[in-house]
Amino acid sequence: MIKFKYLVILLLAILFLKFFVKIKDKIGNFFHVLDIPKKDKIHKKITPLIGVFPVIILSFILLIYFNIINEAQNVFYIFLYSYLFFIMGYLDDRYNLNAYLKLSISLVITLIAINLIESFSINQIYIESINKTIILNEIKIFFSVLCVLLLINSLNLMDGINGLASGFASGWLLSLSLLSNNENVFILFLILSLFMLVNTFQIIKGKYFLGDSGTLFLGCLVGLCTIYTYNIQLALGNLISVEKIFIFFMIPGIDMFRLFITRLLQKKDPFGGDLNHLHHILVKQFSNNTTLLIYSITFISTNLLSYFNVINTLLIIIIYLNIYILFIFFSKKKFKNTP
């Protein structure tokens with residue numbers, strides 16, 4: 001049972017958010033982070049890129065309130081490295097940094113984090129479909145860094161329609177909070193994920209956008225938190241399979257893989273922008289809200305089916321992948337034949 005004082009904290013945070021929304025334009029102008037509409041943009045008005053700012057403020061307050069640096073030091077470091085990504089993202093929103101410079105900085109930060117904190121590295125993986133555990137040994141650092149960077153990039157690619165990336169990050173953090181064996185850490189992530197969900201509705205309304213500061217911060221936060229939680233569960237004897245983790249992130253992950261392959265085949269920059277994402281294709285056929293609903297239903301249903309073992313996890317992945325491929329194929333064919 002959640003204590004009343006935690007509900008009060010969440011309520012105060014939401015009241016703060018209402019005030020934050022009222023002064024959003026002043027904050028955006030003060031920090032010089034504004035998204036100006038261009039031909040490859042869906043929105044039509046200048047919008048502040050400050051969607052993660054209230055999350056940053058609340059997370060900092062909660063870390064102090066729950067004394068996380070002493071209560072759960074590794075969780076404190078998860079936020080510390082995520083704040084570094086936030087700073088880089090803010091600089092990108094303001095100065096439009098080169099994609100390969102961002103990748104290099106991201107690599108350095110992630111490499112330092114995983115090298116210094118043992119709980120941030122993946123030492124072994126369990127493949128459920130063949131009932132085999134693989135010990136990573138020498139490649140554990142490389143594999144762990146790759147997983148975090150891929151997640152960060154996939155979340156960044158999702159940030160094409162209002163609320164999509166933020167909504168997924170909220171769902172991921174809420175799910176991860178339920179696996180925590182520390183009460184304060186559980187409450188911290190629970191409050192933060194619920195607050196992010198409320199904040200997502202402000203983003204959906206177009207009050208402000210998440211920006212690269214948001215996607216980079218949330219990508220690092222979710223990535224390191226997932227590895228940390230995985231290792232905690234492993235220590236408790238609960239080995240989570242690769243398939244179940246893949247389902248957790250497969251919706252943005254599969255689309256990112258398709259985009260990278262398509263761009264490389266077309267001899268384009270794989271880190272460049274376009275309107276070829278899954279959410280862009282869905283928006284062409286449905287509304288923004290319907291697209292968000294489709295994503296939400298797909299994410300919740302696939303994870304619930306996997307969690308409760310209703311259907312074999314690998315079979316869920318195969319079914320989704322086939323539906324995804326067929327939808328992309330027929331959508332492209334439809335738009336190509338449309339006058």
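Lys18 is found in helix H1, residues 4-22. Helices (H or I, at least four residues) and strands (E, at least two) are DSSP runs, numbered from the N terminus. The model is predicted: local features need pLDDT of at least 70, side-chain atom pairs count only at pLDDT 80 or more, and totals for chains, interfaces and linings use all residues. Residues are numbered from 1 along each chain as its sequence is written, and side-chain values use heavy atoms, with hydrogens and water left out.

**Lysines on the surface**

Task: Decide whether Lys18 and Lys22 are buried or exposed, and say which patch they belong to.

Solution:
- Begin with the cut-offs: buried means under 20% relative accessible area, exposed over 50%, and partly exposed in between (1.4 Å probe, protein chains only).
- Take Lys18. Its relative accessible area is 54%, so Lys18 is exposed.
- Take Lys22. This residue is in helix H1. It counts as exposed because its relative accessibility is 73%.
- Now look for the patch. Lys18, Lys22, Lys45, Lys205 and Lys207 gather on the surface as a patch of positive charge.
- Check the rule. Patch residues have over 30% relative accessible area and no salt bridge; like charges are joined within 9 Å, nonpolar side chains (Val, Leu, Ile, Met, Phe, Trp, Tyr) within 5 Å.
- Add a distance. From Lys22 to Ser306 there are 284 residues in sequence and 41 Å in space, C-alpha to C-alpha.

**A nonpolar patch**

Task: Name the residues that make the nonpolar surface patch, and give its area.

Solution:
- List the members: Phe4, Leu7, Val8, Leu11, Leu12 and Leu15.
- State the area. The patch covers about 600 Å². Areas come from the Shrake-Rupley method.
- Pick one member. Leu7 lies in helix H1. With a relative accessible area of 45%, Leu7 is partly exposed.

**Salt bridges**

Task: Say how many salt bridges the structure holds, then examine three of the pairs.

Solution:
- Apply the rule: a side-chain nitrogen of Lys or Arg lies within 4 Å of a carboxyl oxygen of Asp or Glu.
- Give the count. The structure holds six.
- Pair Lys24 with Asp25. Their closest N and O atoms are 3.3 Å apart. Lys24 is buried, at 16% relative accessible area. Asp25 is partly exposed, at 39%.
- Pair Asp212 with Lys102. The N to O distance in this bridge is 3.6 Å. Asp212 is in helix H10 (residues 211-235) and Lys102 in helix H6 (residues 99-116), so the bridge links distant parts of the chain, 110 residues apart. Both Asp212 and Lys102 are buried.
- Pair Arg263 with Asp274. Here the N to O distance is 2.8 Å. Arg263 sits in helix H11 (residues 242-265), and Asp274 in the loop between H11 and helix H12 (278-285), so the bridge ties together parts that are 11 residues apart in sequence. Arg263 is buried, at 3% relative accessible area. Asp274 is partly exposed, at 24%.
- Look for a network. Salt bridges link Asp92, Lys102 and Asp212 in one.

**The span of H5**

Task: Compare the span of helix H5 with the expected value.

Solution:
- Count residues. H5 runs over residues 73-95 and has 23 of them.
- Recall the rule: the expected span is 1.5 Å times one less than the number of residues.
- Compare. H5 reaches 33 Å from its first C-alpha to its last, close to the expected 33 Å.
- Step past the end. Asn96 comes just after H5 and takes a positive phi of about 55°.

**Asparagines in loops**

Task: Which loops hold Asn67 and Asn137, and what sign does phi take in each?

Solution:
- Locate Asn67. It lies in the loop between helix H3 (53-65) and helix H4 (68-71).
- Read its phi. The value is near 50°, positive in a residue other than glycine.
- Locate Asn137. Its loop runs between strand S4 (132-135) and helix H7 (140-158).
- Read its phi. Asn137 is not a glycine, yet phi is positive, about 50°.
- Check accessibility. Asn67 is partly exposed at 37% relative accessible area, and Asn137 is partly exposed at 48%.

**A leucine in H10**

Task: Is Leu218 buried or exposed, and how many residues and Å separate this leucine from Tyr81?

Solution:
- Place the residue. Leu218 lies in helix H10.
- Read the area. Leu218 is buried because its relative accessible area is 2%.
- Finish with the separation. Leu218 and Tyr81 are 137 residues apart in sequence, and their C-alpha atoms are 11 Å apart in space.

Notes
Accessible areas come from the Shrake-Rupley method with a 1.4 Å probe; for residues, only the protein chains shown count as cover. Lys and Arg count as positive and Asp and Glu as negative; His and the chain ends are not counted. The place of a charge is taken as NZ of Lys, CZ of Arg, CG of Asp or CD of Glu.
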